[in-house]
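Open your viewer and get ready to click along. We will go from stop to stop, and at each one you will hear what to select and what is there.

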Amino acid sequence: MTTTFLEARDLVLSRAEPLPSEFVPLLDAVGRVAAADLTTQVDFPRFDNSAMDGWALRAADAPGPVVLPVSGFVPAGSPGTIPVAPGTAVRIMTGAPIPPGADTVVPLEDAEEREGAVHLPRALSAGAHVRHRGADLGAGQVAIRAGTVLGAPEVSFLASAGRLTVPVFRRPRVAILSTGDELVEPGAPLGPGQIHDSNAIAVAAAVREAGGVPVGLGIARDEAEPLRALLTLGLGADVLVTTAGVSMGDRDLVRELLAELGVTPIFFTIEVKPGHPTAFGARGATLVLSLPGNPVSTLMMFEQLVRPALLRMQGHRHVLRPLVSAVLDEQLSHRPGRVTFSRVKLERRNGVLHARSAGKQETSFLRTFLDADGVALLPPGRADAPAGITVPVQLLRPGFAPEHG
Ligand SMILES: Nc1nc2c(c(=O)[nH]1)N[C@H]1C(S)=C(S)[C@@H](COP(=O)(O)OP(=O)(O)OC[C@H]3O[C@@H](n4cnc5c(N)ncnc54)[C@H](O)[C@@H]3O)O[C@H]1N2
Ligand code: MOO
């Protein structure tokens, strides 16, 4: 059941369907994806209104320089229902309704008001500085398409339409289970041979970064009974992520118990380094990813497989990290026959991106992940990747802007 990296990613993504939608308050919708086309119920602007502070009048009354008596004042927020009689003007503020009869606005700086009359120096054209009802968006038009990632402009529009909530795709609930007899909760004292469970919180952090809701199940001992109970609980989530217990060790029970619980195995082992002993299965709509226990392998497989799946479940269309090309400054070690994910530091020199190793590429050494700007994808079928070749690099950090580096 071994599979290539791209096949594995396709298999996971093909099972990751957008979740049902829910209505959330506008501010909670930021970064989430509209689950329906959002149509305006009203015209934008809602009524003809002035784009300037000035005077509203009839353009026909000013065929050349004229003086018109100022008969009133229309501030923003007033109903603006008092008509402008022929041969007169009213003072008007930005955003105020254009009063009946008026068809143009003269900005304050283009005329002068003295002793109750406005002195207009030149002819006017109708419609100037008037924001017409429906000119921005007409009632019934689709303003925001389903699939749009919502941000400040969308929230601005929805608020101006008077909406308080918006339908977005639900966040996936991700159950997280660590397995291993050597593990102790962070903060608890360590006995000989024990280590703190760092994978659970690392995966929870990555879930949250990807917009999901982490649900910690704790640590399962390498024994069938407690493990079965926790896996059963985890299968109630949208995604179940387990770490460790999937490799060759004689106590690697996870896959066996998952099969017993009705999870259909889809693949086991991927031709990658790190992350080789990764397993994927599904029960109904629940996806089950069993990630290897080495902390770098865990996070790398989350990054490559789980994160894109979580984004797709939330309706995102762009689920993969941006790729750039970089020239290797040094030889990178590579396991032939597997895609190698090499954590690299990037630097731009003379307009060209260069990559070098972020440190020792050992699967239990987190240091390389802490220092990395990106992940170089070294294709299978090569021995070590020599200095000077160009390789694709996934950009890990949204703040890293190689064009400015
Ligand atoms: N004979 C073989 N041994 C191993 C192979 C192999 O092909 N043949 N593959 C190696 C590779 S590669 C990996 S990756 C690991 C995967 O093993 P498991 O996923 O079964 O994980 P464990 O063996 O239980 O643990 C590996 C390593 O990670 C540490 N670990 C586990 N869980 C946590 C946690 N929650 N927080 C922090 N650290 C954790 C664990 O202590 C081990 O050091 O197998 C290799 N062996
Ligand atoms: O596959 Mo293991 O994940 O190389 O460390």
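The stops below take in helices, strands, loops and a ligand. Keep in mind throughout that this is a predicted model.

**Stop one: a pair of helices**

Begin by selecting helix H1, residues 5–15, together with helix H6, residues 295–313. Their axes come within 9 Å and cross at roughly 30 degrees. Angles under 35 degrees count as roughly parallel, and H1 and H6 are therefore roughly parallel to each other. Their crossing is right-handed. To see who makes the contact, show the side chains of Ala-8, Arg-9, Val-12 and Leu-13 on H1, then Gln-304, Leu-305, Pro-308, Ala-309 and Arg-312 on H6. Colour them by type and you will find six nonpolar, one polar and two charged residues.

**Stop two: another partner for H6**

Keep H6 on screen and add helix H3, residues 199–209. Here the axes are 10 Å apart, and the packing angle is about 30 degrees. H3 and H6 are therefore roughly parallel to each other, and H3 passes H6 in a right-handed crossing. Which residues of H3 meet H6? They are Asn-199, Ala-202, Val-203, Ala-206 and Val-207, and on the H6 side they meet Pro-295, Thr-298, Leu-299, Phe-302, Arg-307 and Leu-310. This contact divides into eight nonpolar residues, two polar and one charged.

**Stop three: an open sheet**

Now switch to a cartoon view. Strands of a sheet pair through backbone hydrogen bonds, either parallel or antiparallel. Look for six strands that form an open sheet with mixed pairing, in the order E7-E4-E6-E5-E9-E8. At the edges are E7 (104–107) and E8 (112–114), each of which pairs on one side only. From one strand to the next, the twist averages 40 degrees. Within this sheet, zoom in on E5, residues 66–74, which pairs with E9 in the antiparallel sense over four bridges. Select Val-66 and you will see Leu-120 of E9 standing opposite.

**Stop four: strand E24 and its neighbours**

Select E24, residues 352–357, and strand E22, residues 323–328: these two pair in the parallel sense over two bridges. Leu-328 has Ala-355 in E24 as a bridge partner. Then add strand E23, residues 339–349, which pairs with E24 in the antiparallel sense over six bridges. Arg-349 and Val-352 are bridge partners here. The hairpin of E23 and E24 has two residues between the strands, and Asn-350 takes a positive phi near 50 degrees there.

**Stop five: loops with backbone details**

Where does Pro-45 lie? Go to the loop between strand E2 (38–39) and strand E3 (49–50) to find this proline. A cis peptide bond joins Phe-44 to Pro-45, with omega about -10 degrees. Next, visit the loop between strand E9 (117–120) and strand E10 (130–131), where His-129 sits. The phi of His-129 is positive, near 60 degrees, in a residue other than glycine.

**Last stop: ligand 2**

Jump to the loop between strand E19 (272–273) and strand E20 (279–283), which holds Pro-274. The peptide bond from Lys-273 to Pro-274 is cis, with omega near -5 degrees. Both residues also belong to the surroundings of ligand 2, along with Gly-275, His-276, Pro-277, Pro-292, Asn-294, Ser-297 and Thr-363. Colour this shell by type to finish: three residues are nonpolar, five polar and one charged.

Notes. Residues are numbered from 1 along each chain as its sequence is written. Chains are lettered from A and ligands numbered from 1 in the order in which they are written. This is a predicted model: local features need pLDDT of at least 70, side-chain atom pairs count only at pLDDT 80 or more; totals for chains, interfaces and linings use all residues. Axes are lines fitted to C-alpha atoms, for helices over the stretch in contact, and angles run from 0 to 180 degrees between N-to-C directions. Angles under 35 degrees count as roughly parallel, over 145 as roughly antiparallel, 65 to 115 as roughly perpendicular and the rest as oblique. A crossing is left-handed if the near helix is turned anticlockwise from the far one by less than a right angle, and right-handed if clockwise. Two residues are in contact if their C-beta atoms, placed from the backbone, lie within 7 Å. Ala, Val, Leu, Ile, Met, Phe, Trp, Tyr, Cys and Pro count as nonpolar, Asp, Glu, Lys and Arg as charged, and the others, Gly among them, as polar. Two strands pair if DSSP finds at least two bridges between them. A residue is near a molecule or strand if its C-beta atom, placed from the backbone, lies within 6 Å of it.
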